[in-house]
Amino acid sequence: QFLRAHCNEMEREGPFDGVIFRVEATTDDGRMVGTQAGWSREPWTREWFDAELADLKACRFSRFTHNFVQFNATPKHIAWEDDEGWRVLEAKLRICGWLAREGGAKGIAPDFEPYGENHGKFDPAQGRTCAATAALARQRGAQFLRGIAAEMPDAVILTLFLNSVVAGAGRADDPPAMLAREHYGLLPAFFNGMLDAAPPGMVIVDGCEN
């Protein structure tokens, strides 16, 4: 709604080629859900977002050629072995890809920083080795990416960070041992999974937030 009302004013006054925007919708029972906090086991229904898509389609962008649907890795941790939870998340990414494609956006802007529960750090208390957990994370990265690609195989994935957040591991004598201790140590495996599933026409950008 905000973009529909102000997109041309924003284009006149801003020095940018586009914006990152969240999409919020109202559920059948009146609750608000949205892409800023979509990382959870709670499923979405595509029809909840019909009005928001209509707003996007009504925007008459001229300068803003690179707009992105925001999707944050918050608020809940979905266990790597939780098949149903990841099926739900993949379906949410399909909705995001649909919104981006039909709304004329360039792609999706994921933020993998856990503002809620951390999913990126290896936890030995879960009873698996770091290597085994990383293998699961790689499967889930592919699943995450397939959700987007099913609706928008030529999407640009503009992340705030990819491996730049653990760049020191590339210079370490023992990268796996370092990643086993890092706050984001499982994310390189997740990102490898994204690369495994990326169609040839997709672009994945490390925004190098640091």
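How many of the five residues of β4 are buried? In this predicted model, five of the five are, so β4 is largely enclosed by the rest of the structure. That makes the strand a handy place to start the tour.

Look at its two faces. Phe68, Gln70 and Asn72 sit on one side, Val69 and Phe71 on the other, and every one of them is buried, so both faces are covered. The way the residues split fits a general pattern: in a regular strand the side chains alternate between the two faces of the sheet.

Now step sideways from β4. It belongs to an open sheet of five strands, ordered β1-β4-β5-β6-β7, with parallel pairing. The edges are taken by β1 and β7 (203-206); each has a single partner strand, so one side of each is left without a neighbour in the sheet. On one flank of β4, two bridges tie it to β1, residues 20-21, and there Phe21 stands opposite Val69. The pairing of β4 with β5, residues 107-111, runs to five bridges. Along that seam, Phe68 has Gly107 as its bridge partner, and Phe71 faces Pro110.

Carry on outward and you can follow a line of partners across the sheet. β5 pairs with β6, residues 156-159, over two bridges, where Gly107 is matched with Val156. Four bridges then join β6 to β7, and Val156 in turn has Val203 as its partner.

What connects these strands? β4, α3 and β5 make a right-handed β-α-β unit, and β5, α4 and β6 make a right-handed one as well. The two helices involved, α3 and α4, also pack against each other. Packed helices are generally described by the angle between their axes and the distance between the axes. Here the angle is about 30 degrees and the axes lie 7 Å apart, with a right-handed crossing. Contributors to the contact include Trp86, Leu89, Leu93 and Trp98 from α3, and Phe144, Gly147 and Ile148 from α4.

Phe144 turns up again in the largest nonpolar core, which has 57 residues; it is among those with the most contacts inside that core, along with Trp39, Phe49, Phe71, Phe112 and Phe190. Elements giving two or more residues to the core are α1 (2-13), α2 (50-58), β4 (68-72), α3 (83-102), α4 (130-151) and α6 (187-197). The general background is familiar: in soluble globular proteins, nonpolar side chains tend to be buried together.

Phe112 is a good residue to zoom in on. Setting aside its neighbours within four places in sequence, its contacts include Trp39, Ala73, His119 and Phe144. The list also takes in Thr159, Phe161, Leu162 and Tyr184, as well as Leu187, Phe190, Phe191 and Met194.

That last group leads to α6. In this helix Leu187, Pro188, Ala189, Phe190, Phe191, Gly193 and Met194 are buried. What do the buried residues of α6 pack against? Their partners are α3, α4, β6, α5 (175-179) and β7. With β7 we are back at an edge of the sheet, at the opposite end of the strand order from β1.

Methods: Residues numbered from 1 in each chain as written. Predicted model: local features only at pLDDT ≥ 70, side-chain atom pairs only at ≥ 80, totals over all residues. Heavy atoms only, no water. Core = buried A, V, L, I, M, F, W, Y, C linked by side-chain atoms within 4.5 Å. Buried < 20%, exposed > 50% of the residue type's maximum accessible area, 1.4 Å probe, protein only. Contact = heavy atoms within 4.5 Å. Pairing = 2+ DSSP bridges. Right-handed = clockwise from strand over helix to strand, strands pointing away. Axes fitted to C-alpha atoms, helices over the stretch in contact; angles between N-to-C directions. Left-handed = near helix turned anticlockwise from the far one by under 90°.
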